Amino acid sequence: MTYLLTPQGDGTTQLCVDYTDEGVDLWGTTYVKGDEATALRYLPTFDHDLRINYAHLFPAPPEPEHNPEVEM
């Protein structure tokens, strides 16, 4: 994921995220009341929400390998 913070001059900051570097055709934009530091603190929440809301676009995590020698 890559992101871009753009101050708007009105006390808000535009937060844009892009997931194409992960092979996912998804980007999102929101506005945060506050400066770039405030928007940066909100970034993990925005990222999490997009990953949950668009989970069908992200590849599933790999299944753990089954090793019968480990089972007892």
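This passage walks through the overall form of the chain, and then its aromatic pairs and salt bridges.

The structure described here is a predicted model. Its protein chain contains one helix and three strands, and these elements follow the pattern β-β-β-α when read along the sequence. Two of the strands, β2 (12-18) and β3 (27-33), are joined by a loop, and helix α1 spans residues 36-53. That loop and that helix are good places to look first, as both return in the paragraphs below.

A helpful starting point is the overall extent of the chain. The radius of gyration is 18 Å, whereas a compact globule of 72 residues would have a value near 11 Å. Along the principal axes, the C-alpha atoms occupy a box of roughly 60 × 25 × 20 Å. Of the 72 residues in the protein chain, 25% are buried. The accessible surface amounts to about 5500 Å², and carbon and sulfur atoms contribute 56% of that area. Among contacts with a separation of 6 or more, 33% involve residues 24 or more positions apart.

Attention now turns to the aromatic rings, for which the count is two pairs. One of them joins tyrosine 19 and phenylalanine 58 in an edge-to-face arrangement, with 5.3 Å from centre to centre and 90° between the planes. Tyrosine 19 sits in the loop between β2 and β3, while phenylalanine 58 belongs to the segment after α1, so this pair ties together parts of the chain that are 39 residues apart in sequence. Tyrosine 19 is buried, its relative accessible area being 0%. Phenylalanine 58 is buried as well, with a relative accessible area of 14%.

The rings of tyrosine 42 and phenylalanine 46 make a stacked pair, because their centres are 6.1 Å apart and their planes meet at 25°, an angle under the 30 degrees used for stacking. Here both partners lie in helix α1, four residues apart, which corresponds to about one turn of the helix. Tyrosine 42 is partly exposed, at 30% relative accessibility, whereas phenylalanine 46 is buried, at 10%.

Charged side chains add a further set of links. Side chains of opposite charge can pair when their charged atoms come close. Two salt bridges are present in the structure. In one, the side chains of glutamate 22 and arginine 51 meet at 2.8 Å, N to O. Glutamate 22 lies in the loop between β2 and β3 and arginine 51 in helix α1, so this salt bridge ties together parts that are 29 residues apart in sequence. Glutamate 22 is partly exposed, with a relative accessible area of 34%, and arginine 51 is also partly exposed, at 28%.

Arginine 51 forms a salt bridge with aspartate 47 too, and the closest N and O atoms of these two residues are 2.8 Å apart. Aspartate 47 and arginine 51 are separated by about one helical turn, because they stand four residues apart in helix α1. Aspartate 47 is buried, with 15% relative accessibility. Through shared partners, the salt bridges join Glu22, Asp47 and Arg51 into one network.

Viewed together, the pairs give the loop between β2 and β3 two links to other parts of the chain. Tyrosine 19 in this loop pairs with phenylalanine 58 in the segment after α1, and glutamate 22 in the loop pairs with arginine 51 in helix α1.

Conventions. Residues numbered from 1 in each chain as written. Predicted model: local features only at pLDDT ≥ 70, side-chain atom pairs only at ≥ 80, totals over all residues. Heavy atoms only, no water. Phe/Tyr/Trp six-rings, centres within 6.5 Å; stacked < 30°, edge-to-face > 60°. Buried < 20%, exposed > 50% of the residue type's maximum accessible area, 1.4 Å probe, protein only. Salt bridge = Lys/Arg side-chain N within 4 Å of Asp/Glu carboxyl O. Rg over C-alpha atoms; globule rule 2.2 N^0.38 Å. Contact = heavy atoms within 4.5 Å. Areas by Shrake-Rupley, 256 points an atom, 1.4 Å probe, with all protein chains shown as cover.
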